[in-house]
Amino acid sequence: MWRNLSRSQKLLTTVTATAAAGSAALYLNNDQRRPLPSMLLTRNQIAYAEAQPQDDEKPKTFWKTPSREEMLKRLENNDEEEYDLLIVGGGATGAGTAVDAATRGLKVALVERDDFASGTSSRSTKLVHGGVRYLQKAIMELDYEQYKLVVEALHERKIFLDIAPHLAGQLPIMLPVYKWWQIPYYWVGCKLYDLFAGREALESSYLLTRSKALDAFPMLKKDELVGALVYYDGHHNDARMNVALSMTAAYHGATVVNHCEVTELLKNEKGEVKGAKLRDNLTGKEWEVKAKGVINATGPFTDGLRKMDDKENLDIVAPSAGVHIILPNYYSPRNMGLLDPATSDGRVIFFLPWEGSTIAGTTDSPTEVTPNPMPKEDEVKWILDEVSHYLNQDVKVRRSDVLAAWSGIRPLVRDPHAKNTESLVRNHMIHVSDNKLLTIAGGKWTTYRAMAEETVDRAIQEYDLKPKNKCVTEKTLLVGSEGFSNTMFIRLIQEFGMDTEVAVHLANSYGDRAWVVGSIEDKTGMSYPSYGNRISPNYPYIESEVRYACRQEYACTAVDVLARRTRLAFLNAEAALQAVPRVVEIMAEELKWDKERQQKEKEQAAKFLVTMGLAESKA
């Protein structure tokens, strides 16, 4: 039997056997147990405090983002020199592709129909992970393809944390154990997860006794609890990460425009796609843009653009809805997540600290593709029920505790060239149509950079482009990362008189650009804090962030600010509704809105917040 195994299968078998033998020794030797992680950091520092300390001094100058009007002029005036690439879609994949292409010296334009991260990319589980489920299949089924997926994701996880240290960090995640035989099984899995990461591993996984598990996660169900395994994965602020990618693409010369829609694809005399007709959805103005190649990175809306290319194209997206809910922060420790690997119906559910609250999810069910999908009540109830199974009887999870709920659409894809059209691609897929429309679809947040690199490589080949250099995104820091350090928030407090929670939030959301936010007038009129008027009393988002979003991050609507420049809509839908009037008032000053536009923004924000879990009666 051993002779019949491939080299990769022998490797997986040997590693599994070795780890299994070591598990018993570790479990019997209590002296090797790892101590509990420190619990001294503030709730917002925990997730994102892994950057190496740098210079805390305020930088002398900052790059200023070109205005949206300047970006639109670039798009409208490309008759003399066409773009190398026109990227359609401003989610993680599209923005990542724009960064990759721009840093290679290509002339790039990116357009997004709504806002950066307005779809799936802002509605993730917030994890940067290698894929524990893929690892289980790789080992149990000796599947080398699954093994490669895990190794690639673990490699990308480390890059992700390195290039955006203010937005991403590592988080310990607990697997509670209620049966003795599961301890060596889970321990082997966690150690293999560490092993496959190699030199790019995060903190090592470790075993906790029953008492230590309850110390780390006090609300855990005590009955029959044997112990717990803890492993480390990445954690990030997804929409802020997406905005940072878009700004980084602009920094490296890309033309980046949100609220700009493709209404028609342009073709040359050979029928090849060579540009698009665009519409500014804020003004209604239309024009044409020429490009050597067009990349379709529209996620769940992939098939819409493919049919714009050719009406006969078959659908390749199999949309799946993933619902998440937000609970108050007291439902989880501020520095420890929880994974339930075997729910009542076999799905995996996470229970994680995020932005000072607790996020729980996710579900997985077929759905239709819509811009703002509604979370279904039965899915919210399912999450609450599953969470309740892991909490002790003194902790009652109530429906009224849900502060926000949202649904994201996973764009799982079918390969149009596969003989079995029902089979789903496990990772991502690049497809070039007969008319030269290049589509990148599928994948996950963790591997966005690798997907972008592969996409640009293929585009260079297909469109005969001449880049100035090779891919450099493994080392390209995102905007905000250059001057960030773990202790930067202290300098912000000393410089501006912010309270600690606001300073930590600004440092972790903007990196060194927090200095620019702090330079915007926002005096409180009090002795302390003397800076930073909050737009919602219980959350650290302040008014100067709204102005910064308009001036430097292309925020064009109240929803842009409430959902993606800040995360208030995702954390508390009712608090976001209460903040709408002041946010609209500030944006009206910045963007010169009249009364009619202000009223429209209020109505649209209230309508959007219903998709975030707000009761329609309140909207």
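Biologist: Let's start with proline 529: which loop is it found in?

Modeller: This is a predicted model, so keep that in mind as we go. The peptide bond leading from tyrosine 528 into proline 529 is cis, with omega near -10°. As for its place, proline 529 is found in the loop between helix H15 (514-518) and helix H16 (543-552).

Biologist: And what is omega near for the peptide bond from glycine 361 to threonine 362?

Modeller: Most peptide bonds are trans. The bond from glycine 361 to threonine 362 is cis, though. Threonine 362 sits in the loop between strand E14 (357-361) and strand E15 (365-366). For that bond, omega is near 20°.

Biologist: Now phi. Is lysine 126 buried or exposed?

Modeller: Lysine 126 has a phi near 75°, a positive value in a residue other than glycine. Its place is the loop between strand E2 (108-111) and strand E3 (127-128). Residues under 20% relative accessible area count as buried. Lysine 126 is at 0% relative accessibility, so it counts as buried.

Biologist: How about glutamate 224, buried or exposed?

Modeller: Glutamate 224 is not a glycine either, yet it has a positive phi of about 65°. You'll find glutamate 224 in the loop between helix H8 (210-216) and strand E6 (227-236). The cut-off for exposed is over 50%. With 66% relative accessibility, glutamate 224 counts as exposed.

Biologist: On to charges! How many salt bridges does a search of the whole structure find?

Modeller: Side chains of opposite charge can pair when their charged atoms come close. One such pair is arginine 597 and glutamate 601, whose closest N and O atoms are 2.9 Å apart. Over the whole structure, the search finds this many salt bridges: 40.

Biologist: Take lysine 292 and aspartate 84: how many residues apart in sequence are the parts that this pair ties together?

Modeller: The two side chains meet in a salt bridge, at 3.2 Å from N to O. Lysine 292 lies in strand E10 (residues 286-296) and aspartate 84 in strand E1 (residues 83-88), so the pair ties together parts of the chain that are far along from each other in numbering: 208 residues apart.

Biologist: Which of those two is buried, lysine 292 or aspartate 84?

Modeller: Lysine 292 has a relative accessible area of 29%, making it partly exposed. Aspartate 84 comes in at 12%. Since buried means under 20%, the buried one is aspartate 84.

Biologist: What separates aspartate 560 and arginine 564 along their helix?

Modeller: Their side chains meet in a salt bridge, 2.9 Å from N to O. Aspartate 560 is buried at 0% relative accessible area, and arginine 564 is buried at 2%. They are 4 residues apart in helix H17 (residues 558-565), so the separation is about one helical turn.

Biologist: Back to arginine 597 and glutamate 601: which one counts as buried?

Modeller: They are 4 residues apart in helix H20 (residues 595-610), again about one helical turn. Arginine 597 is at 22% relative accessibility, which counts as partly exposed. At 2%, the one that counts as buried is glutamate 601.

Biologist: Which residues do salt bridges that share partners join into one network?

Modeller: Some salt bridges share partners, and that links them into one network. The residues joined are Asp115, Asp560, Arg564 and Arg565.

Biologist: Which residues form a negative surface patch?

Modeller: Start with aspartate 79, found in the loop between helix H3 (68-76) and E1. Aspartate 79 is exposed, with a relative accessible area of 62%. The negative patch is formed by Asp79, Glu80, Glu81 and Glu82.

Biologist: And how much accessible area does the nonpolar patch of Met140, Trp181 and Tyr185 have together?

Modeller: Tyrosine 185 has its place in helix H7 (residues 182-197). At 36% relative accessibility, tyrosine 185 counts as partly exposed. Together, the three residues of the patch have about 390 Å².

Biologist: Last one: what share of the 619 residues in the protein is buried?

Modeller: The protein has 20 helices and 18 strands. It exposes about 26,100 Å², with carbon and sulfur atoms supplying 50% of that. As for buried residues, they make up 59%.

Terms used
Residues numbered from 1 in each chain as written. Predicted model: local features only at pLDDT ≥ 70, side-chain atom pairs only at ≥ 80, totals over all residues. Heavy atoms only, no water. Salt bridge = Lys/Arg side-chain N within 4 Å of Asp/Glu carboxyl O. Helix = DSSP H or I, 4+ residues; strand = E, 2+ residues; numbered from the N terminus. Buried < 20%, exposed > 50% of the residue type's maximum accessible area, 1.4 Å probe, protein only. Patch = residues over 30% accessible without salt bridge, like charges linked within 9 Å, V, L, I, M, F, W, Y side chains within 5 Å. Areas by Shrake-Rupley, 256 points an atom, 1.4 Å probe, with all protein chains shown as cover. Lys, Arg positive; Asp, Glu negative; His and termini not counted. Charge placed at Lys NZ, Arg CZ, Asp CG, Glu CD.
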